[in-house]
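Biologist: I am new to reading structures and would love a close look at a single part of this one. Could you walk me through it step by step, and then show me what lies around it?

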Amino acid sequence: MSLDILFYILGGLTIGTALMVVLSKHPVRSVLYLVLTFFLISANYVLMNAQFIAIVNIIVYAGAIMVLFLFVLMLLNLNKENEPKHSPMMTIGAGIAGGALFLVVVAAMRDAILATPMIDANSEQVGLVENLGKVLFTKYVLPFEVSSILFLAAMVGAVLLAKKEKQTID
């Protein structure tokens, strides 16, 4: 099987499962479709010879974050009785907003220029963690350090929010 055919099959399956995330009525099924979407995206990464990003995508997104989503959904105890009622005007507004977004995407894709790869795709150097590390710590060192400071600030904020105030007994 040609890689082009495999790419189109994986791309179609990815788009199909992503649509099922949005169209599914049951939230747990929606999360499971999202897990399947992450696995298919990782398969596309493997086709692009980016094995490290594929494994990180599976471990971080399909593993940790999706388990967190499932726990939150199960703790929320969503059912039909608790679901808020919405008017038909909201549905019409959502349809108009979605159509406008679709038109913007089509207009952007029409004017898009296909980029040519800078490195030979069959090269053994493509997709190596060593090359990713070199680029990350030379060309993109400032954004990398800024993101680490933001993560540190988010962790401190989460700890402060989760910390309960001590009750004083009179």
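Is Asn-44 buried or exposed?

Modeller: Happy to help, and please keep in mind that this is a predicted model. Asn-44 is buried, because its relative accessible area is 13% and the cut-off for buried is under 20%. Asn-44 sits in helix 2, which covers residues 27-47. Being buried puts Asn-44 in a small group, as buried residues make up 12% of the 170 residues in the protein.

Now look at what Asn-44 touches. Setting aside residues up to four places away in sequence, Asn-44 is in contact with Phe-7, Leu-10, Gly-11 and Thr-14. There is also a residue to find further along the chain: Ala-54 is 10 residues from Asn-44 in sequence, and their C-alpha atoms are 8.1 Å apart in space.

Let us follow those contacts to helix 1, which runs over residues 3-23. Helix 1 has 21 residues and reaches 30 Å from its first C-alpha to its last, close to the 30 Å expected at 1.5 Å a residue. Its buried residues are Leu-10, Thr-14, Thr-17 and Val-21. They cover an arc of only 70° around the axis, so they are on the same side of helix 1. There is a simple pattern to remember here: an α-helix has 3.6 residues a turn, so residues three or four places apart point the same way. Two of the buried residues of helix 1, Leu-10 and Thr-14, are also among the residues that Asn-44 touches. Helix 2 is part of what covers the buried residues of helix 1. If you turn to the face of helix 1 that points away from this buried side, you meet the exposed residues Asp-4, Tyr-8, Ile-15, Val-22 and Leu-23.

Next, go back to helix 2 and move on along the chain. The loop between helix 2 and helix 3 holds Asn-49. Asn-49 has a phi near 65°, a positive value in a residue other than glycine. That is worth a pause, because most residues other than glycine have a negative phi.

After the loop you arrive at helix 3. Phe-69 lies in this helix and counts as partly exposed, because its relative accessibility is 39%. Beyond its neighbours within four places in sequence, Phe-69 is in contact with Val-31 and Leu-34. Phe-69 and Val-31 are 38 residues apart in sequence, yet their C-alpha atoms are 7.3 Å apart in space.

Helix 3 also takes you to the surface. Phe-52, Ile-53, Ile-55, Val-56, Ile-59, Val-60, Tyr-61, Val-129 and Leu-132 form a nonpolar patch there, with about 740 Å² of accessible area together. Helix 3 (51-76) and helix 5 (129-138) each supply at least two residues of the patch, and the largest share, 7 residues, comes from helix 3. One member to pick out is Ile-55 in helix 3, which is partly exposed with a relative accessible area of 48%. Compare that value with the 13% of the buried Asn-44, and you have an example of each kind of setting.

Helix 5 has something else to show you. The side chains of Glu-130 and Lys-134 meet there in a salt bridge, 3.5 Å from N to O. In general, side chains of opposite charge can pair when their charged atoms come close. Glu-130 and Lys-134 both lie in helix 5, 4 residues apart, about one turn of the helix. Glu-130 is exposed, with a relative accessible area of 52%, while Lys-134 is partly exposed at 48%. A search of the whole structure finds 1 salt bridge.

Finally, step back and view the whole chain. The protein has 6 helices and 0 strands, so from the N terminus on its elements run α-α-α-α-α-α. Among contacts between residues at least 6 apart in sequence, 54% join residues at least 24 apart. The protein exposes about 14400 Å², and carbon and sulfur atoms supply 73% of that area. To return to where we began, Asn-44 is a buried residue in helix 2, and it touches Phe-7, Leu-10, Gly-11 and Thr-14.

Definitions and conventions
Residues numbered from 1 in each chain as written. Predicted model: local features only at pLDDT ≥ 70, side-chain atom pairs only at ≥ 80, totals over all residues. Heavy atoms only, no water. Buried < 20%, exposed > 50% of the residue type's maximum accessible area, 1.4 Å probe, protein only. Contact = heavy atoms within 4.5 Å. Patch = residues over 30% accessible without salt bridge, like charges linked within 9 Å, V, L, I, M, F, W, Y side chains within 5 Å. Areas by Shrake-Rupley, 256 points an atom, 1.4 Å probe, with all protein chains shown as cover. Salt bridge = Lys/Arg side-chain N within 4 Å of Asp/Glu carboxyl O. Expected span 1.5 Å × (residues − 1). Arc of directions from axis to C-beta.
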